[in-house]
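Below are some notes for a colleague who has not yet looked at this entry. Please read them with the structure open.

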Amino acid sequence: MYDQNYQEKPETSSGNDRRSPLEGEAIDLRALLLVLLRRKWVIFNTSLLCVVVCLLVLFQLTPRYTASVMLALETRQNQVVDVQAVMSGVGTDVAAIKTEIDVMTSRRLVGKTVDALSLTEDPEFNGALNTERSLTSYLNPLSYLPDSWRWAIFGAPAVVSEEERIATERAKVIDAVTSKLAVTNPARSYSITISFESENPRKAAQIANSLADLYLTDQLEAKFEATQRANEWLNERIYDLRENVRTSEVAAQQFREDNQLIQTAGAGLVSEQQLSQLNTRLIDARTDLARSEARFSQLSGMTDPEASDFAELAEVLDSSLIQRLREQQSEVLRNRAELATRYGPRHPRMINVQAELSDIESNIKLEIRKVVAGIQNEVDVARARVAALETSLDQLKTENVAVNRAQVQLRELEREAEANRVLLETFLARFKETTNQQDIQQADARIISRADVPVDASFPNKRMIFMLVVVASVALGVGLAFLLETLDNGYRTLEQIKTDLGLRGVGIIPMLAPNKMQASSVEDYLLEKPSSSFAEAHRNVHASLLYSGPRQNTPQVVMATSSVPGEGKSTFSLCYARLMAKSGMKVLLVEADLRRPVVKARLNLIGDQADLVSVLEGSDMGGQQLHKDEPSGLHLLCGKGHSDPQKLFSSDKFAGLMSWAREHYDLIVLDTPPIMAVSDALVLSHHVDAVLYVVQWETTPKKSVESGIGQLREAGAPVAGTVITQVNIKRHQSYGYGDQGYYYGTKSGYYTN
């Protein structure tokens, strides 16, 4: 009946529907703060523990110092001479820079640093020299065993030579140094930072600077070795090339001599020069022959040597003798003309002049005949010359064909000799370049900032670590608080029960502190302090039962049960019944827990008044005398041990008892055993109007409450609501729930506690 009125969620609700403040669709900040407030000591203790441990660890840590040296890769190379380097510079791409970082951290370079600084003799890096025992060695139980026992269990260590031991120690030192070495390259930069961490600040700076110097020296050594290897190879190659050049030149010269391929300086072969000259002379001779034949053909048509045509010949005109004779002829003709004006033709002087003129003309004709005869001789000579030159030219052409054939092979030999000569010159030039480069090699990086001795320790950064630990410890505490809240297996508020089980809360009962309670028992305190918050909590339960549902369904028979023993169910039933009886109602308390009855002992009841077992086993219920609580006027039907309580509660006599009680009492309260322990409460629930389910604050497991409520619902019990008992008001108030328990603590002016 009351379960239908008071239930606000369907019966299918279960503990799986529980939600923490973080699981809702919208985060309830107030709920989160309340969780933190409830678990403040968890957060505080967790933070305090972490901080204390952090401080202990920080003070035990050995400080370490980090020194850094910065190098810059050279992107511009200085060219002292314009030659090509044997070993090119370092690239500037990401892969090249990563390769240089690998070189700096390589075991070879670190090993050079170890050897240069004698780090194998340093206990910081050589664990074999460190005689101090670490904390972990004290915690290791094997360290307390004798060597003979350890050798017997794990085997004796292998015997190694002194050289192997030294090599092993050096390898371990290199590993230790490498583990404290860090080489980084900032993004978009050609700089490389070498950082080293050590317990000694001066040692950290020394090792960092030494590694940087060895890296630069290693670059120069690599270039020098490459140049030296190139020079050695070039030297061997040049020796072979010289032999090849000498052999090829000797072969070409021998072939030239064998084939008489004589060559003048800058003018080619002699045969070629002769052929060219002879061809030129033949052309000139043929030209002269043509000219002579042309003149001779001109003379062949003249029959009279004294004709004037001969006198007009160029050879005649060019003859100096004929020119003098003609001058004399002209002089004599002039004299004859002068004498003719004075003398007659027979004058002796005229005769002499005429004779002289005849003599001159005879001489001229004679000379003209000589000239004509000379032209004919020239034609014959020119013909003979052309014939001779043609014969010589044909012979020379024949000889030149053979020479040309020999020249083909000669040119092949000369090309081979020239190629060997050019290759030799190239290798000689490269050999000189590489030889000069040995003295001008430069490293591909430079130190732009050497490592200074650090002043402050890089580890541990106590301030930062402490702040981080504080933040982390608080976060851990908060996380642990929410974890405990999630794993919390008890109920603290009626709202939680309503959310999880869909069952309304009727009231909460505060827990009384023994040191503040003057009465001998809780039941007596209720009567001594009727205005206390404890009494008001029970009145609130009764008011909730009376006025929360329909007026016609006001419960008369109320049953109190719980999940497990010890939740305050019997105390609540007794206090509730006494308080209602004290208020003027006629109340009967029926102790239906026949397995562990406690009411008679708690109220110190004496006498032979009737108990529940005797009433149910008797024949007349109306004539039985009941116990009466004199301070409150409460009638009690106490329980008594019985072997089969369910048989009694299922009988008609118990139903008749309930009918009789409804007629004579205003309120009947049944104190029943826990629902999870026995099933008596399920049988009794069919005789009551309302079932109050008692839950101990923060203690009763949620699964137990869920299971108990589920059994009652399956049995059709009229579950009216839940009552939370033994509430620690001070803690409940600090959680800030804002329910009845909050006011029981803060509004103490309303109560007399």
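The points below cover the nonpolar cores, the cysteines and one buried acidic residue of a predicted model.

1. The largest nonpolar core has 46 residues. Within this core, Phe-649 and Leu-670 touch the most other members.

2. Leu-670 can be followed outward through its contacts, leaving aside neighbours within four places in sequence. These contacts include the run Val-557, Val-558, Met-559 and Ala-560, as well as Ser-573 and Val-590. Leu-670 is also in contact with Phe-654, Met-658, Leu-684 and Val-688.

3. A second core, separate from the one above, is made up of 34 residues. Among them are Val-506, Tyr-525, Ala-535 and Cys-638. Cys-638 is buried, and its relative accessible area is 2%.

4. The count of disulfides is zero. Take Cys-54 as a case: the closest cysteine sulfur belongs to Cys-50 and lies 8.9 Å away, which is too far for a bond because a disulfide requires sulfur atoms within 2.5 Å. Cys-54 is itself buried, at a relative accessible area of 8%.

5. Asp-218 deserves a separate look. This residue is located in helix α9, which spans residues 201-258. Asp-218 counts as buried because its relative accessibility is 11%, and the cut-off for buried is under 20%.

6. What does the side chain of Asp-218 make a polar contact with? The partner is the side chain of Arg-108, at 2.6 Å. Leaving aside neighbours within four places in sequence, Asp-218 is in contact with Val-103, Leu-109 and Lys-112 as well as Arg-108.

Definitions and conventions. Residues numbered from 1 in each chain as written. Predicted model: local features only at pLDDT ≥ 70, side-chain atom pairs only at ≥ 80, totals over all residues. Heavy atoms only, no water. Core = buried A, V, L, I, M, F, W, Y, C linked by side-chain atoms within 4.5 Å. Buried < 20%, exposed > 50% of the residue type's maximum accessible area, 1.4 Å probe, protein only. Contact = heavy atoms within 4.5 Å. Helix = DSSP H or I, 4+ residues; strand = E, 2+ residues; numbered from the N terminus. Polar contact = N/O pair within 3.5 Å; in protein donor to acceptor, adjacent residues only side chain to side chain.
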